[in-house]
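I opened this entry to record what I looked up in one structure. The topics are ring pairs, a sheet and a pocket.

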Amino acid sequence: MFSEQQISEYLSTSIEQFQHDCSKLCAQHYPTVHNRGMRENHLGMALCRRIMATLQQAELDAHFSQHKNDEQISQPVFIIDTTDFSIAVVAHRLLSANKACRLGLIRTIANVRTTLAPSKPTYIVVVADHWFDRSKASKEIPAWWLGQMPEKVEEYITDGIKLLDSADNVAEQLLHHHQISHGEYHLHHPLKRETNNKIVHKYLLLSAFIPLHK
């Protein structure tokens, strides 16, 4: 039997490697990515490939499929299934940071939970990306995702981004409206400038690890 910590470590390894894939995808599809973010299929498939590779390296027999979407779930959802646990990967683009887009992501997570009907330990992994703009809502995204301001706020300021606190956060909204708890939420900045190899803070990758069986 696998512990939640083991599976979280598998996913952490996969996401770390996935960030290199993001850099390659962005380089190949620039300026499309810069203008709109990555396509949700690109995001989801790239992360699934990394998770599958990590599980195979751990000598786990894993099977991959795309979840059949319905009218309630517009984003791509992929299923990675093993004998002992299942992982549902949700890919989402935050083209806008406004309240409607945030609630759309939360509804998707809740709807995926509803449609899965898990018979064994099941986890939702969320991957989303966002390019910062000048709006107040955009500057709130890190605090909304983490439930607090991120570390090294001064590095964002250096890149011209003045982050703002958020009145609510995704974990609270999932708990209060959908009774989903125990999630882990992380921020990533996979892109680096070619000239000096410094992090591009204006491109934000969000990830979450949410156990459904608790």
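The notes below follow that order.

**Model.** I am working from a predicted model.

**Ring pairs.** I listed the aromatic pairs first and found six in the structure. I then took up tryptophan 144 and tryptophan 145, whose ring centres lie 5.8 Å apart. Which class does this pair fall into: stacked, edge-to-face or tilted? Planes under 30 degrees apart count as stacked and those over 60 as edge-to-face. The planes here stand at 50 degrees, so I entered the pair as tilted. I checked burial as well: tryptophan 144 and tryptophan 145 are both buried.

Next I looked at tryptophan 145 with tyrosine 185. Their centres are 5.4 Å apart and the angle between the planes is 90 degrees, an edge-to-face pair. Where in the chain do the two residues of this pair sit? Tryptophan 145 belongs to helix H5 (residues 136–146), while tyrosine 185 is in strand S5 (residues 184–188). With the two positions 40 residues apart, I noted the pair as a link between distant parts of the chain. Tyrosine 185 is buried, as is tryptophan 145. Taken together, Trp144, Trp145 and Tyr185 make up a cluster linked by ring pairs.

**Sheet.** S5 led me to the sheet. I traced an open sheet of six strands in the order S1-S2-S3-S4-S6-S5, and its pairing is mixed. Which strands form the edges? I found strand S1 (63–66) and S5 there, each paired on one side only. From one strand to the next, the twist averages 20 degrees.

I looked at one edge in more detail. S1 pairs with strand S2 (residues 77–81) in the antiparallel sense, over four bridges. Within this region, glutamine 66 is opposite phenylalanine 78 of S2.

I then asked which strands H5 touches. H5 packs on the sheet and touches strand S4 (122–131), S5 and strand S6 (203–211). I noted an angle of about 145 degrees between the directions of H5 and S5.

**Pocket.** I turned to the second largest pocket, which has about 280 Å³ of space. I counted 15 residues in its lining. Nearest the centre of this pocket are Gln19, His188, His189, Pro190 and Ile199. Which elements give two or more residues to the lining? They are helix H1 (4–29), helix H6 (153–158) and S5. The top contributor to the lining is H1, with four residues.

Terms used: Residues numbered from 1 in each chain as written. Predicted model: local features only at pLDDT ≥ 70, side-chain atom pairs only at ≥ 80, totals over all residues. Heavy atoms only, no water. Phe/Tyr/Trp six-rings, centres within 6.5 Å; stacked < 30°, edge-to-face > 60°. Buried < 20%, exposed > 50% of the residue type's maximum accessible area, 1.4 Å probe, protein only. Pairing = 2+ DSSP bridges. Axes fitted to C-alpha atoms, helices over the stretch in contact; angles between N-to-C directions. Contact = heavy atoms within 4.5 Å. 1 Å grid on protein atoms, 1.4 Å probe; cavity = no way out; pocket = protein on both sides within 12 Å on 5 of 7 lines; lining within 4 Å. Points joined across faces, edges and corners; volume = space filled by probe spheres on them.
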